[in-house]
Amino acid sequence: MSEQSASGLQSWIDNRFPLTSTWRYHMSEYYVPKNINFWYLFGSLSILVLVIQIVTGIWLTMYYQPSVDRAFSSVEFIMRDVEWGWLMRYLHTVGASAFFAVVYLHMFRCLLYGSYKKPRELLWIIGVLIYLVMMTEAFMGYALPWGQLSYWATQVIVALFGVVPVIGDDLVVWLQGGFLVNEATLGRLFSLHVVGLPLLLIVLVFLHIVALHHVGTSSPDGVEIKQNKDENGKPRDGIPFFPYVVIKDLVGFGIFLIIFCAIVFFAPEFFGYFIERPNLEEANPLQTPEAIHPIWYFTAWYAMLQCIPNEAFGVLVMFAGSMILLFLPWIDRGEVRSIRYRGLGYKIGLAVFIASFLILTWAGMQDPSGAPIVIARIFTAVYFGYFVFLWAYTYFGFEQTKPVPERVTDK
Amino acid sequence: MSKKKLGYVLGALLAVSFVGPAFAGMSMENPRVSHHDRDSIRKGAEHFVQYCSGCHSVQYLRYDRLAEDTGMDAEWLEERLILEEGLEHHKPMLSAMAAEDGVNWFGTAVPDLSMTARVRGEDWIYTFLNAYFKDEDQPLGFDNWVQEATAMPHVLVHLQGTPQPVFDDNGRLVDIEVPERGEMSRREYERMTAELTAFLSYAAEPIRADRERMGIWVLLFLMVMTAVFYLLYKEYWRELKQK
Amino acid sequence: MSNEAPDPSRRRFLTGAATVVGGVGAVFAAVPFLGFLKPNVEARAVGAPIEVDVSKLAEGQRLEFEWKGSPVWVISRTQEHLNYLEDEAVLRGRLRDPDSEEDQQPEYARNLYRSVSPEVLVVSPVCTHLGCIVVYYPGIEPQPFDNDWKGGFFCACHGAMYDMSGRVYSGTPAPSNLEVPPHRFVGDDKLVIGEDPEDPEQEVEAT
């Protein structure tokens, strides 16, 4: 580090902590393709939502009481008797849904532009792990208000582990800390939700960013900007993350916050999708609520579970549905990254894949009978079929790609 | 065993999803009261104390919060709402009736109504109050279209008059008529039940009206902020676009 | 290349504007998080005025009530106590703040008796030194801690002494007089602690 312009304090710090070099490496001299578009916003946005979740979560924990008798009423206490408590609660519940919305769009970007391909396989895997931890975190948080759906969803999810051969029954009792979902269950869900999983999540997000800044941001053309540097060693098609991308992201943050606050202040339940009506009723272990299904970001997986007549196989398929994403970098053998230059088969395949996920999301919200079950079966097959197709399509060389440009293109 | 348990849970979910009102030919009605209408909420609270709070609690709503949000004062609370001598104003609206009395008298615990408007919806409450009809087969002499074989007696019958069911040729309930009005005209009764609904709707989420008023300013501010960010973004990116 | 070079003044202005708007937004956003930490409804209810029955308060006696989670004493002083309070020669020289100049009492209790009626003292027994509860020594007799005791309060923690109006003796560790909470009488039997008299002037004059 040679700091000609460094002030006294700055060099004092730099001799003891790599402040300036870290800033340069990650901000002012981290180069990002200059043609990144709208789809590249959702990574930063998910960090914003993570911060919202952590801060509001810390505040909610000040009053929330993880006991079967007090959980529901402590949430209502926060909603009514703690100044601004309602806002914290709604920011947190809407934040949970926003987190998934943003992360789903972020993942879609990866599929569009092949951001999971070499050399970004580990970046992708860490990302999928973040998604898995997020789902666990969200499920546990959903249980805490101890409404009807909180209770019954916990009941159903824990019961899923009963399908494990031989030890299933004991496993369920061990997970619940009793013969049914009880005080001990709520206690461990709370502890993991507010301490355990957030720590894990933060570590994974940190690793995700470390990996990203090592391999660099992918471009919408699938072109590596690092391969074309000028005489100073700066990528010709790159722009420094600070200030250009930061300022661009700020605009995205503003637009996001407008939508987010519109929901928080005017429709925090979001028509029963973010806070479901039955969950505003205190848990009653003697009465299952009418027509229950998980919250929207889980329903695609739930549809897979529900549509398969054999429970053990259903559970397996459900877990396989998200786990298979881990292997995507090796299932897709295609050399070309971006959808802009990939074959027609890939474009159609991806569209069908996204459609199947959306249809499964819908099917998981329906009563598990008749047409929705049949539809869920079909599209579960389509969902998995996509990965088979993708492998065959790229492995056997069916794909007719277009030539990838040398440099990134302008829109 | 564990498979059975899972099957049981999933099966239970499946079974209950088919349960619904057995009567057809009628529909839920909207009370048409705004949650910003403080007068209706106040009157609804007065009706509630007069006719409902004997059995029903609103355990999460405090008296002084209600007075503050409806623009009323402590005197109103003392005169119109708080029946118990010397009860502090910050206490919640609890019914004097013990839970076991409900079980003894009606065969079921009387539900607390704090969250009902959010769980069931305003339309449900309003329609429920207007959907009683005479049925001698019921132990209390009345049935309800919204909640079949309801355990709740028709406590407002002296105001509404005795509602009579109207069946079609297939024996389906298609309408409810009140041949002889009680103390209230049809309009008055509908108005009163709408006010009761407005009160319960308020009780389920007291902050609702305030948060909407606040939300407008939040959104306006965010739009200004985003506009400034956008101009800054344009200014910085202008030079990049030219290269 | 461009003929539209970056405009430094415009850029500076917009950066400033964005910083200001962002800063205002951050301040707005902080409001709910700080407000959340304020006492909630139940905590505030602890500070609500309480109405207590003092009809059973006999001369020289003391009643204890709880207000804001701490004790409040209502003490009936004897004529002898009042005589010593009124006789300036006896105590005045030994007190740190004999005229109650510090705001340890409501305006209407800024008098010799530190109360609205001379006979009845309403006082918080929390020692102003480090928060111990003082001990009430009404007897006018020599005490181990003071040979010339005219009645009052003694803090066993660090030896602070107060007279029958709760005024602190100089030379003891407590910095100020005992606190007199707001209070008003409703008739002769009822006392409201935590609320000022509706018309304090009148009530003080009447005594």
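Where is B:Arg32 in chain B? B:Arg32 sits in the loop between α1 (2-16) and α2 (38-52) of chain B. Helices here are DSSP runs of H or I with at least four residues, strands are E runs of at least two, and both are numbered from the N terminus.

Some ground rules. This is a predicted model, where local features need pLDDT of at least 70 and side-chain atom pairs count only at pLDDT 80 or more, while totals for chains, interfaces and linings use all residues. Residues are numbered from 1 along each chain as its sequence is written, chains are lettered from A and ligands numbered from 1 in the order in which they are written, and side-chain values use heavy atoms, with hydrogens and water left out.

Back to B:Arg32. Its phi is positive, about 55°, although B:Arg32 is not a glycine. The relative accessible area is 71%, so B:Arg32 is exposed. The cut-offs: buried is under 20% relative accessible area, exposed is over 50%, partly exposed lies in between, with a 1.4 Å probe and protein chains only.

Now C:Ser100. Phi is near 50°, again positive in a residue other than glycine. C:Ser100 lies in the loop between α4 (88-91) and β4 (120-123) of chain C. Relative accessibility is 0%, so C:Ser100 is buried.

Chain C as a whole. Five helices and nine strands. Along the sequence the order is α-α-β-β-β-α-α-β-β-β-β-β-β-α. The radius of gyration is 26 Å, well over the 17 Å from the globule rule for 207 residues, so chain C is more spread out than a compact globule. That radius is taken over C-alpha atoms, and the rule is 2.2 Å times the number of residues to the power 0.38. The C-alpha box, along the principal axes, is roughly 100 × 40 × 30 Å. Of the 207 residues, 43% are buried. Among contacts with a separation of 6 or more, 54% join residues 24 or more positions apart. Contact means heavy atoms within 4.5 Å.

Chain B, quickly. It has 10 helices and six strands. Of its 243 residues, 47% count as buried. The corresponding contact share, 24 or more positions apart out of a separation of 6 or more, is 67%.

On to chain A, and two helix pairs. Helix α3 (residues 42-61) packs on helix α10 (residues 241-266) at about 50°, axes 10 Å apart. That angle makes α3(A) oblique to α10(A). Axes are lines fitted to C-alpha atoms, for helices over the stretch in contact, with angles from 0 to 180 degrees between N-to-C directions. Under 35 degrees is roughly parallel, over 145 roughly antiparallel, 65 to 115 roughly perpendicular, and the rest oblique. In the contact, α3(A) residues including A:Leu48 and A:Ile52 meet α10(A) residues including A:Phe253 and A:Phe256.

Second pair: α14 (residues 344-363) and α15 (residues 370-395) of chain A, at about 150°, axes 9 Å apart. So α14(A) is roughly antiparallel to α15(A).

Two cis peptide bonds next. One joins A:Lys118 and A:Pro119, omega about 5°. A:Pro119 is in the loop between α5 (85-113) and α6 (121-143). Another runs from A:Phe242 to A:Pro243, omega near 5°. A:Pro243 is in helix α10 of chain A.

Last residue: A:Pro33, in strand β1 (residues 31-33) of chain A. At 0% relative accessibility, A:Pro33 is buried. Leaving out residues up to four places away in sequence, A:Pro33 touches A:Thr217, A:Ser218, A:Ser219, A:Ile225, A:Asp237 and A:Ile239.
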